[in-house]
Amino acid sequence: MIPVAEALDQLFALVGPLGAERVALRDAAGRVLAADAVATRDQPPFPAAAMDGYALRGAEVAPGARFRVVGEAPAGRRHPGAVGPGEAVRIFTGAPMPEGADRVVIQEDTAREGDTMTVTGTPGPGPHVRPAGADFSRGARLEAPRRLSAADVALIAAMNLPEVQVTRRPEVAILSTGDELVMPGEAAGEDQIVASNAFGLKALLEAEGATARLLPVARDTEASLRAGFELAAGADLILTVGGASVGDHDLVAPVAQALGMETAFYKVAMRPGKPLMAGRLGEAAMIGLPGSPVSAIVCGTVFVAPVIRKMLGLGAAPAQRARAPLARGVGANGPRQHYMRARLTEAGLDPFDSQDSALLSLLAEADALLVRPPDDGPRAAGEVMDYVPLPRP
Ligand SMILES: Nc1nc2c(c(=O)[nH]1)N[C@H]1C(S)=C(S)[C@@H](COP(=O)(O)OP(=O)(O)OC[C@H]3O[C@@H](n4cnc5c(N)ncnc54)[C@H](O)[C@@H]3O)O[C@H]1N2
Ligand code: MOO
C-alpha cells in the first residue's frame, strides 16, 4: 500500500496535457483555454457616452446654462460634426462622443425647448464618458490555461474573437466488470445487482470536461475482459470498475497485465478505495477502480478528476480542500487515510454513523469527504479539519 499523495504523483506521471482544437465561442464555456485569447481591438473602441443626455464642453456646464442642440448621436452612429462653444449634441448611452465634447449632462438635469437645452439641476462632476480602451486595449490577453466561465466567454466575444483554442476533451472509456451486474432497466436475476458506478463516474468526469464512453459490462472471464479492453481502444484513459481486489474472480489486473499494462502501483492506504491500481496500457493511462460504489466515486473524486484536470492542461493539483470545524467528536483513525462521508451543517462537519462503502444513499446525502490522515487520533467537536467538498449542481 502506498500513501494517497504518492499514488496521486504516480498517476500524474502517467498523463500529460492533451492537444488543442479550435471551437466556436458559443461552445467554449467550461472548456480549458489552450492558447491566450488576444483582443483585436480596444473596448470601447471610441470614447463613449455612459448615460443618456447631452454631450458638450464640460467647462461650460453651470446651473441655468443654455446650449444650442446641433445634432443627435444614438448608439452606433456618431454625430458627424464637432461640438463648438455653446453647443450640445443629444446623445444616448453607448454612442461615440462627438469631437470637441468631453462631458455628458444627464437628461434628468436638463430641459429642452426646440433646439435649446437648459441645464436645470446642479449636475454632478460627471463626466459620464468612458474613455477608449477603458475595459481593455487591443493586444490585451486572457491567459491560458484557464477554464472558461460565462464572463470569460463574454470577454472573448468583446475581443471580437469568434473562435478559441481549447484543450481537446479527454476521452475516457469506462469498463464495468462483474457477473452480478445488469444495466439499469434490464431484467435483473435474483442474485444480480444494477451497475451504478459507471453512471456516477461518467457524470463526475464529464463535469470536469472529459467525454466518457460506457462500454458493455464485462463478465468475470478472461475472454470477456479482453474484449472489453479492445472496445476501449482509442481512449486516453481506461477506467475499469470492480474486480480489483484479491478474490478468485478479480481478474482485471491479470488480464490487463497480459495485455501489456505496465503497473505503476496497486493498493493505496485509503478508505474507501484501497484496491486501486494504475498503469499504462499502450497509448492510454489505465486506472482500475474498486467496485464498491462509494469507493469508485471517492477514487473518482480524489484521483480521476485531478488526472482529467492535468490532461486538460490545468496542472497537477489534488482535489481542492476546505476547512471546517467538526460538529461532533470522532474516534481515532486506522492506518489508511479515511475519506468520511459527512454533511456540512451550520454546526460544522457531521460524519455519518455508517461509513460502509456500499451505501450510495448516504453518499448522495453527503456534502463533504472529511479527510482523516492515517493514524489520526480522536478528534473533539469544534476541531477544525480538512474536507473535500462534493460538488452539487
Ligand atoms: N479478502 C479481501 N476482500 C476484500 C478486500 C480485501 O482487501 N481482502 N478489499 C475490500 C475492499 S476495500 C473493496 S473496496 C472491495 C473492492 O473489490 P473489487 O474492486 O474487486 O470489487 P468487486 O468485488 O467487483 O465488487 C465489490 C462490490 O461492489 C459491487 N459492484 C461492483 N461493480 C459495481 C458496479 N459497476 N456498480 C455497482 N456495484 C458494483 C459488487 O457487486 C460488490 O458488492 O473488495 C473488498 N474485499
Ligand atoms: O477500500 Mo474499500 O474501498 O474499503 O471499500
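**Figure 1. The buried residues of helix H1 in the predicted model**. Within helix H1, which spans residues 4–14, the buried positions are Val4, Ala7, Leu8 and Leu11. When the helix is viewed down its axis, the buried residues of H1 fall within an arc of 100°, and they therefore line one face of the helix. In an α-helix there are 3.6 residues a turn, so residues that stand three or four places apart point the same way.

**Figure 2. The elements against which helix H1 packs**. The buried residues of H1 pack against helix H6 (293–311) and against four strands, namely E20 (262–266), E21 (270–271), E22 (277–281) and E25 (337–345).

**Figure 3. The surroundings of ligand 2**. Around ligand 2 lie Arg271, Pro272, Gly273 and Lys274, together with Pro290, Ser292, Ser295 and Ser357. Sorted by character, the residues of this shell comprise 4 polar, 2 charged and 2 nonpolar ones.

**Figure 4. The chain as a whole, as context for the close-up views**. The chain contains 28 strands and 7 helices, and its C-alpha atoms fill a box of roughly 95 × 50 × 40 Å along the principal axes. Its radius of gyration is 31 Å, whereas a compact globule of 393 residues would have a value near 21 Å. Of the 393 residues of the chain, 39% count as buried. Among the contacts in the chain with a separation of 6 or more, 69% are accounted for by residues 24 or more positions apart.

Technical notes
Residues numbered from 1 in each chain as written. Chains lettered and ligands numbered in written order. Predicted model: local features only at pLDDT ≥ 70, side-chain atom pairs only at ≥ 80, totals over all residues. Helix = DSSP H or I, 4+ residues; strand = E, 2+ residues; numbered from the N terminus. Rg over C-alpha atoms; globule rule 2.2 N^0.38 Å. Buried ≥ 20, exposed ≤ 12 C-beta atoms within 10 Å, placed from the backbone. Contact = placed C-beta atoms within 7 Å. Near = placed C-beta within 6 Å. Nonpolar A, V, L, I, M, F, W, Y, C, P; charged D, E, K, R; others polar. Arc of directions from axis to C-beta.
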